[in-house]
Amino acid sequence: MKQVIFLGAPGSGKGTQAKLLVADCGFNHLSTGDLLRAEVAKESELGLKVKNIMENGELVGDDIVLELLKINCDLTGSQYLFDGFPRNLAQAKALDELVLGGTESVAVYLDLDLDVLLERLVNRRTCGDCGAIYNLVHSAPKVAGTCDKCGGSNLLHRDDDKALAVSKRLAVFKNTITPVLEYYEQKGNLRRIDASQNMDQVLVQMKETLGC
Ligand SMILES: [Zn+2]
């Protein structure tokens, strides 16, 4: 039973694939964003600390995220999908040392060219009413400007998805993920998945790779 470290750029389809894998293969999804929000909601000592940091507009430090991961996973009995962590080499090493220990793990990377990611992200529109996501090229709403799911006409081009912001975000991603991929490659536990295929094909390849 291997623990899965799930890696992929914004726009690579990582969020969708994580949901499908959890539904089909029974992984426990460890999304660091969700863990942080849940801890804040619990109003635990750690949660209050996190709340304070977020309210000050600061980033939650690695020590806190690692602590959260540790208290939320029991590696002896379950298989986890680590999503959102690590984002850089220091975090990858800390995850191995402090959380995974000697447990067998595999890092799965949804591999996609940066220019394809750029094109996907700048064409993304988000429904301001129900959160549905569209791509004007690949999955446009049936009626232009109207949400298929809720019928709302509030399709937004988020600032995060505008060309300059996307280019910057992807450049940062590439610079930080490259050493992470090299690290797992050297350990012999990196698996690359061709994320330019459609959603179903990617899922099939993921399942083959993970044996589930
Ligand atoms: Zn909608």
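This short talk covers a zinc site, a pair of helices and one buried valine in a predicted model.

Some ground rules. Residues are numbered from 1 along each chain as its sequence is written, and side-chain values use heavy atoms, with hydrogens and water left out. As the model is predicted, local features need pLDDT of at least 70 and side-chain atom pairs count only at pLDDT 80 or more, while totals for chains, interfaces and linings use all residues.

The zinc ion, then. Which residues coordinate the zinc ion? Cys127, Cys130, Cys147 and Cys150 do, each through SG, at 2.3 Å. Donors here are N, O and S atoms within 2.8 Å of the metal (3.2 Å for Na, K and Ca); water is not among the atoms, so sites may look incomplete. Along the chain, the donors follow the spacing C-x2-C-x16-C-x2-C. Cys127 and Cys147 are both buried, meaning under 20% relative accessible area with a 1.4 Å probe, protein chains only.

Next, two helices, which are DSSP runs of H or I with at least four residues, numbered from the N terminus. Helix α2 is residues 32-42 and helix α3 is residues 45-55; their axes are 7 Å apart, at an angle of about 110°. The axes are lines fitted to C-alpha atoms over the stretch in contact, and angles run from 0 to 180 degrees between N-to-C directions. α2 and α3 are therefore roughly perpendicular, a term for 65 to 115 degrees. Contact means heavy atoms within 4.5 Å.

Last, Val108. Is Val108 buried or exposed? Val108 counts as buried because its relative accessibility is 1%. Among the residues Val108 touches are Phe6, Ile193 and Leu210.

Key
Buried < 20%, exposed > 50% of the residue type's maximum accessible area, 1.4 Å probe, protein only. Parallel < 35°, antiparallel > 145°, perpendicular 65-115°, else oblique. Lists of a residue's contacts leave out its neighbours within four places in sequence.
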